Amino acid sequence: MSDTGHTHNSGRAGALAGRAALVTGGSRGIGAAVARRLAHDGADVAFTYVSAAGKEAADAVVADIEAAGRRAVALRADSADAHALADAVDTAAAALGRLDILVNNAGVFAMGPIEDVSVEEVDRVLAIHVRAAFVATQAASRHLTDGGRVISIGSNLAGRVPEPGITLYAMSKAALDGLTRGLARDLGPRGITATVVHPGSTDTDMNPATAPHAAAQRERTALGRYLAADDIAATVAFLAGPGGRNITGTGLLVDAGANA
């Protein structure tokens with residue numbers, strides 16, 4: 001695990017001014033949009049990325065956070081490695097001097113007929129989506145300030161599965177609902193909220209809006225459109241800010257009405 005920290009003293013006031021956040025899987029897609037938005041709203045932001053191949057993307061997110069006048073810390077840590085992930089949480093808190101917001105975002109997409117899914121794939125998906133969220137939150141709980149936030153990124157497929165082949169993915173994301181309800185009770189006495197944001201079809205490299213299968217996904221929505229990663233980031237920023245102080249133990253669907 002490598003640590004790249006950069007400090008800027010300038011910055012503008014915002015809803016998250018003076019706060020420090022950690023976003024897992026923050027070098028691309030929804031995670032990168034969340035990291036940028038939290039910085040835009042005034043937070044210093046640490047984030048993880050999984051491998052050396054992602055360093056260029058991670059450096060670009062660092063540059064954007066710095067451009068917003070905030071501190072950035074990029075940490076190479078695979079969320080499938082529980083020890084590396086816990087270490088990254090501790091490193092982020094030490095580098096930023098505090099931790100107020102944890103966003104459990106790192107994820108993979110698994111799809112295929114249930115008879116073809118290997119036990120190894122089951123273990124990998126559950127390690128990244130479920131165990132990692134638990135481990136990161138457990139490590140963060142030792143650092144989170146009173147009134148802090150734990151926000152996990154789920155999927156609208158946790159609540160409704162419209163086609164075959166995504167059982168493993170749906171199961172892993174549904175587990176975040178139970179985690180969130182438990183965390184609300186465990187952390188509530190400290191004023192720390194726990195929520196899960198369930199995105200629908202979102203235009204990222206994992207599920208581009210220009211792909212052949214995108215039209216069918218778009219047609220399932222009430223609004224007839226894909227979401228942008230910035231739409232999910234805006235919801236996370238709201239939950240992380242003053243407006244989210246009494247929202248806990250629950251999930252929010254941000255899916256253009258696909259599950260309506």
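1. In this predicted model, helix α4, spanning residues 119-141, packs with helix α5, spanning residues 167-187, at an angle of about 15 degrees, and the two axes lie 10 Å apart. Because angles under 35 degrees count as roughly parallel, α4 and α5 are roughly parallel to each other. The crossing in which α4 passes α5 is right-handed.

2. On the α4 side, the contact is made by Glu121, Val122, Val125, Leu126, His129, Val130, Ala133, Phe134, Thr137 and Ser141, while α5 contributes Leu168, Tyr169, Met171, Ser172, Lys173, Ala175, Leu176, Leu179, Leu183 and Leu187. Sorted by character, the residues in this contact of α4 with α5 comprise 14 that are nonpolar, 4 that are polar and 2 that are charged.

3. A separate point concerns the backbone at Ala256, which is placed in the segment after β10, the strand of residues 250-254. Phi of Ala256 is near 55 degrees, a positive value in a residue other than glycine. Most residues other than glycine have a negative phi, so a colleague checking the backbone may ask whether this residue is buried or exposed. Ala256 is buried, with a relative accessible area of 13%, which falls under the 20% cut-off for that class.

4. As for confidence, the protein averages a pLDDT of 94, and 95% of the residues score at least 70. Residues 1-12, however, have a pLDDT below 50, and in the model this stretch has 35 contacts beyond near neighbours in sequence.

Methods:
Residues are numbered from 1 along each chain as its sequence is written. This is a predicted model: local features need pLDDT of at least 70, side-chain atom pairs count only at pLDDT 80 or more; totals for chains, interfaces and linings use all residues. Side-chain values use heavy atoms; hydrogens and water are left out. Helices (H or I, at least four residues) and strands (E, at least two) are DSSP runs, numbered from the N terminus. Buried means under 20% relative accessible area, exposed over 50%, partly exposed in between (1.4 Å probe, protein chains only). Axes are lines fitted to C-alpha atoms, for helices over the stretch in contact, and angles run from 0 to 180 degrees between N-to-C directions. Angles under 35 degrees count as roughly parallel, over 145 as roughly antiparallel, 65 to 115 as roughly perpendicular and the rest as oblique. A crossing is left-handed if the near helix is turned anticlockwise from the far one by less than a right angle, and right-handed if clockwise. Contact means heavy atoms within 4.5 Å. Ala, Val, Leu, Ile, Met, Phe, Trp, Tyr, Cys and Pro count as nonpolar, Asp, Glu, Lys and Arg as charged, and the others, Gly among them, as polar. pLDDT is the predictor's confidence in each residue, from 0 to 100.
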